[in-house]
Every structure is written in structure tokens, then in C-alpha cells.
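This report describes the pockets, the sheet and one helix of a predicted model. Please keep the sequence and the structure in view while reading.

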Amino acid sequence: MAESLKAAQSYLECVLGDINSSDYSQLHPGRPHVTLTYAQSLDGKIAGKGGAQLPLSGDESWVMTHWMRSMHEGIVVGIGTVLNDNPGLAPTKLPPRDEPYPAPTPIILDTNLRIPTSSKVIARYQSGEGKRPIILCKPDADPRKRAALEAIGSVVIQVETHPTRGHLTIHDALAKLSQRGIRSVMVEGGAQVISRFLESPQADVDSVIITVSPMWVGSDGLNAISMAEGHVLPKLEHVKSVVMGKDTVVACRPVVTSS
């Protein structure tokens, strides 16, 4: 595992650099640096039928993902990921050491406050293992649910919603996180969250890192990206690709074009 960590550190230093530095902050004032990352099969699936979790990443790329978590100040997932997988969103798959690895703040996009009070991200905070989770919801979300979540330690923040589709707007969500001092976020999914970030008209993604597993899932699997009608995926500039164990990891940067 130690060799896998060295390889991950070298690769991510090359493709991301110091994402929490003041130099990075000046590139996009008013929002954190955004790294969009996920693992997929060769046929572009991130989960099985009905969103069932799949063992896509091998040990080496899994170490890279967890080191990437430690590099970011926040980690973003949607409520679907919480309900399906109940992740802890912590850098746990790393070699043991005396000093704890930096842990990101769990950030949940949860329009209607459906997160269970027993979810792992909340339990980790209550036990002292994790940071206080931030839950982003729509302005008129149930005030009783908000009070219940705040009573057990969660931070609940209201975010603007799309005028016709109803989902949380990514740009406002990032602005609210920046106001809380979060300088970098790692977006892990699921599929709707990945698509919403790529659809954002303000070009709110800075880095894309995709782990490709050498396996097929088939037509029953869940596509990584499902763009709404009228939206076009951003053009990408290749940064660096590397083989980690059985997987291939590809890093790119969206190319921002003036309209």
C-alpha cells in the first residue's frame, strides 16, 4: 500500500498541485476549486441496476482516491449516494501513520432533506472521527427536518434552486461553501450530481479525474453522465494518464471558451 500511496501522491501533485493555495483561489474568486472525479466501467457505468454499488476501483486506484480526499477541504455527493451506499467520505484506505490524515468536510446535496439522521457522515462527526457535515437544501425544505439535523450537529444551508427543474444550483452551492471558507471540493457523485456540475453554465469544474476499470457492466448499469436536453459537455484538455494496478486513470481540464 505504501508504494501505491507514493504513486498516487506523485500523480496528483502533477495534475492538481496545491489546490488550497491563494494562487488557486484567485483563479476563481467566490467559489472553491472543484475536482470532479469518479470510477467507471469501460462502457461508462458507475453503478449497477437501480444504482447498486459496484466494485469498480482496484486497490491501487482506491488508494489514489482516498489520498485525493485528504487533499481537498470538502467532499461533495448527492443524497442518492448517501441513501444507496451510506459512505463515510473519509480517507480511510491509506497506510496507517501516527498523524491522522487530513479529512474533508462531508457536503451533501439534499434538496428535500432526506438524509437519515443515522447516516454514517453524521455518526462519524458525533463520534469525533469526522468533520461536521454540511447539508445543502432548497430554501423551503421542511423546517422540522432542518431543526432535527441541526440538533445532532449538522450544518444546514439553503441554496437557490433551478427555476424549472427544481434541483439545487451548483453555482450558488459553491458560493455558499466559499463563504464558509472552503477552498477546494472533490465531487464524487452520483450520476445526477456529476451531470449537474458539467451542465453548470458558469463552468464550475476545474479538474476531471476519471478511473476506468477494465470491465463491462451492460445496459442495466447506471450511466456516469446524463445531460439535460440542450446542454453540451465541455471540451477537455488532456493533462496526464497513468495505469494504477488494473485501472487507467485519466486527468483532464475543461477548456473554458468565451461566449
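What volume does the second largest pocket have? In this predicted model, the second largest pocket has a volume of about 450 Å³. Its lining is made up of 18 residues, and those closest to the centre of the pocket are Ser200, Ala203, Val232, Pro234 and Val255. Helix α8 gives the most to this lining, with three residues.

The largest pocket holds about 1,300 Å³ of space. Of the 49 residues that line the largest pocket, Thr81, Asp85, Glu188, Gly189 and Gly190 are the closest to its centre. Several elements give two or more residues each to this lining, namely the strands β1 (33–41), β2 (45–47) and β7 (184–189), together with the helices α3 (59–71), α4 (79–85), α5 (120–126) and α8 (191–199). The largest share of the lining, five residues, comes from α4.

The table sets out both pockets by volume and by the class of their lining residues.

| Pocket | Volume | Nonpolar | Polar | Charged |
|---|---|---|---|---|
| Largest pocket | about 1,300 Å³ | 20 residues | 20 residues | nine residues |
| Second largest pocket | about 450 Å³ | eleven residues | four residues | three residues |

Attention now turns to the sheet. Nine strands form an open sheet with mixed pairing, in the order β6-β5-β4-β3-β7-β1-β8-β11-β10. At the edges stand β6 (155–158) and β10 (236–244), each of which pairs on one side only, and the twist from one strand to the next averages 20°. Strands of a sheet pair through backbone hydrogen bonds, in either a parallel or an antiparallel sense. Strand β1 pairs with β8 (residues 207–213) in the parallel sense, over seven bridges, and Tyr38 stands opposite Ile210 in β8.

The helix α7 (residues 170–179) can be read against this sheet. Its buried residues are Ile170, Asp172, Ala173, Leu174 and Leu177. An α-helix has 3.6 residues a turn, so residues three or four places apart point the same way. The cover over the buried residues of α7 includes the strands β1, β4 (105–109), β5 (134–137) and β7, as well as the helix α8. After α7 comes Gly181, whose phi is positive, near 90°.

Some elements recur across these descriptions. Strands β1 and β7 belong to the nine-stranded sheet, give residues to the lining of the largest pocket, and are among the elements that cover the buried residues of α7. Helix α8 likewise takes part in that cover, and α8 also contributes to the linings of the largest pocket and of the second largest pocket.

Note on methods:
Residues are numbered from 1 along each chain as its sequence is written. This is a predicted model: local features need pLDDT of at least 70, side-chain atom pairs count only at pLDDT 80 or more; totals for chains, interfaces and linings use all residues. Side-chain values use heavy atoms; hydrogens and water are left out. On a 1 Å grid over the protein atoms alone, a cavity is a set of points where a 1.4 Å probe fits but cannot get out, and a pocket is an open set with protein on both sides within 12 Å along at least five of seven lines; lining residues have an atom within 4 Å of a point. Grid points are joined across faces, edges and corners, and a volume is the space filled by probe spheres set on the points. Helices (H or I, at least four residues) and strands (E, at least two) are DSSP runs, numbered from the N terminus. Ala, Val, Leu, Ile, Met, Phe, Trp, Tyr, Cys and Pro count as nonpolar, Asp, Glu, Lys and Arg as charged, and the others, Gly among them, as polar. Two strands pair if DSSP finds at least two bridges between them. Axes are lines fitted to C-alpha atoms, for helices over the stretch in contact, and angles run from 0 to 180 degrees between N-to-C directions. Buried means under 20% relative accessible area, exposed over 50%, partly exposed in between (1.4 Å probe, protein chains only). Contact means heavy atoms within 4.5 Å.
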